[in-house]
Amino acid sequence: MSKTNEYRTGRHCVFKLHCHLVFVTKYRYCVLEGYMFPVLKSLFEKVCSDFEADLVEFNGEADHVHLLINYPPKIALSKLVNSLKGVSSRKLKLHHPEVANRYYRSALWSPSYFAASCGGAPIEVIKQYVQQQRTPH
């Protein structure tokens, strides 16, 4: 798909939207092992491609993962997150039953998540640019 420094185009828009997401395992259990990360990455990439988004970067630790996503403005970020968490929870448990054994009839991820917009100019630069615009009289 696209590179991180390129603008993407839609039918009526040009955009470059990036979001930093963090998913934490339920009860902050340390259940993620290094050998699970390639499976998680491929699952996240598949879901992103279904949403016409790009997984730019992915990494994590035993109790959480970080994702940098480039996504189109036509999708709601909450729907993307819901799909990312649901699919990865279900399929990781199929690939690695030892994860399913840790949780009794429960999801892998905590119901909450962290999301931060990122990229582009800092807020102060944009604020200054907007303030310098000529207001019509």
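# Exercises on a predicted fold

From the N terminus on, this protein's elements follow the order β-β-β-α-β-β-α-α-β-α. Keep in mind as you work that the model is predicted.

## Exercise 1: Overall form

Task: Count the helices and strands, then decide whether the protein is a compact globule or more spread out than one.

Solution.

1. Start with the elements: there are 4 helices and 6 strands.
2. Next, take the radius of gyration, which is 18 Å. The globule rule gives 14 Å for 137 residues, and the value here is well over that, so the protein is more spread out than a compact globule.
3. Add the extents: along its principal axes, the C-alpha trace spans about 65 × 30 × 25 Å.
4. Turn to the surface. The accessible area comes to about 9,100 Å², and 53% of this belongs to carbon and sulfur atoms.
5. Finish with burial and contacts. Of the 137 residues, 35% are buried. Among contacts between residues at least 6 apart in sequence, 67% join residues at least 24 apart.

## Exercise 2: The nonpolar core

Task: Find how many residues the largest nonpolar core has, and which element supplies its largest share.

Solution.

1. A general point helps here: in soluble globular proteins, nonpolar side chains tend to be buried together.
2. In this model the largest nonpolar core has 31 residues. Those with the most contacts inside it are F23, L32, F44, V65, L67, I69 and L84.
3. Now assign the core to elements: β3 (18-24), α1 (37-50), β4 (54-61), β5 (64-70) and α2 (77-95) each supply at least two residues of it.
4. The largest share comes from α1, with 7 residues.
5. Take V65 as a worked case. Leaving out residues up to four places away in sequence, V65 touches L21, V22, F23, L32, F37, L40, F44, F58, N59, G60 and W109. Two of the core residues with the most contacts besides V65, F23 and F44, can be picked out of that list.

## Exercise 3: Salt bridges across the sequence

Task: Locate the salt bridges of R8, R28 and E52, and say where each partner lies.

Solution.

1. The structure holds 4 salt bridges; we work through R8, R28 and E52 with their partners. As background, side chains of opposite charge can pair when their charged atoms come close.
2. Begin with R8, whose side chain meets that of D54 at 3.9 Å, N to O. This pair links distant parts of the chain: R8 is in strand β1 (residues 8-9) and D54 in strand β4, 46 residues apart.
3. Check the burial of this pair. R8 has a relative accessible area of 13%, so it is buried, and D54, at 9%, is buried too.
4. Move on to R28, which forms a salt bridge with D63, the closest N and O atoms being 2.7 Å apart. R28 sits in the loop between β3 and α1, while D63 sits in the loop between β4 and β5, 35 residues apart.
5. Burial in this pair: R28 is partly exposed at 45% relative accessibility, whereas D63 is buried at 12%.
6. End with E52, which meets K74 at 2.9 Å, N to O. E52 lies in the loop between α1 and β4 and K74 in the loop between β5 and α2, so the pair ties together parts that are 22 residues apart in sequence.
7. For exposure, E52 is partly exposed with a relative accessible area of 39%, and K74 is exposed with 60%.

## Exercise 4: Positive phi

Task: Examine the backbone of R28 and E52, and give the phi of each.

Solution.

1. R28 is not a glycine, yet its phi is positive, at about 55 degrees.
2. E52 also has a positive phi in a residue other than glycine, near 60 degrees.
3. Place them in the fold: R28 is in the loop between β3 and α1, and E52 is in the loop between α1 and β4.

## Exercise 5: A nonpolar patch

Task: Name the residues that make the nonpolar surface patch of about 440 Å², and decide whether Y129 is buried or exposed.

Solution.

1. The patch is made by I123, I126, Y129 and V130.
2. One of them, Y129, is found in helix α4 (residues 123-131).
3. Y129 has 54% relative accessibility; the cut-off for exposed is over 50%, so Y129 counts as exposed.

How values were computed: Residues are numbered from 1 along each chain as its sequence is written. This is a predicted model: local features need pLDDT of at least 70, side-chain atom pairs count only at pLDDT 80 or more; totals for chains, interfaces and linings use all residues. Side-chain values use heavy atoms; hydrogens and water are left out. Patches are made of residues with over 30% relative accessible area and no salt bridge: like charges are joined within 9 Å, nonpolar side chains (Val, Leu, Ile, Met, Phe, Trp, Tyr) within 5 Å. Accessible areas come from the Shrake-Rupley method with a 1.4 Å probe; for residues, only the protein chains shown count as cover. Buried means under 20% relative accessible area, exposed over 50%, partly exposed in between (1.4 Å probe, protein chains only). A nonpolar core is a set of buried Ala, Val, Leu, Ile, Met, Phe, Trp, Tyr and Cys residues joined through side-chain atoms within 4.5 Å. Contact means heavy atoms within 4.5 Å. The radius of gyration is taken over C-alpha atoms; the globule rule is 2.2 Å times the number of residues to the power 0.38.
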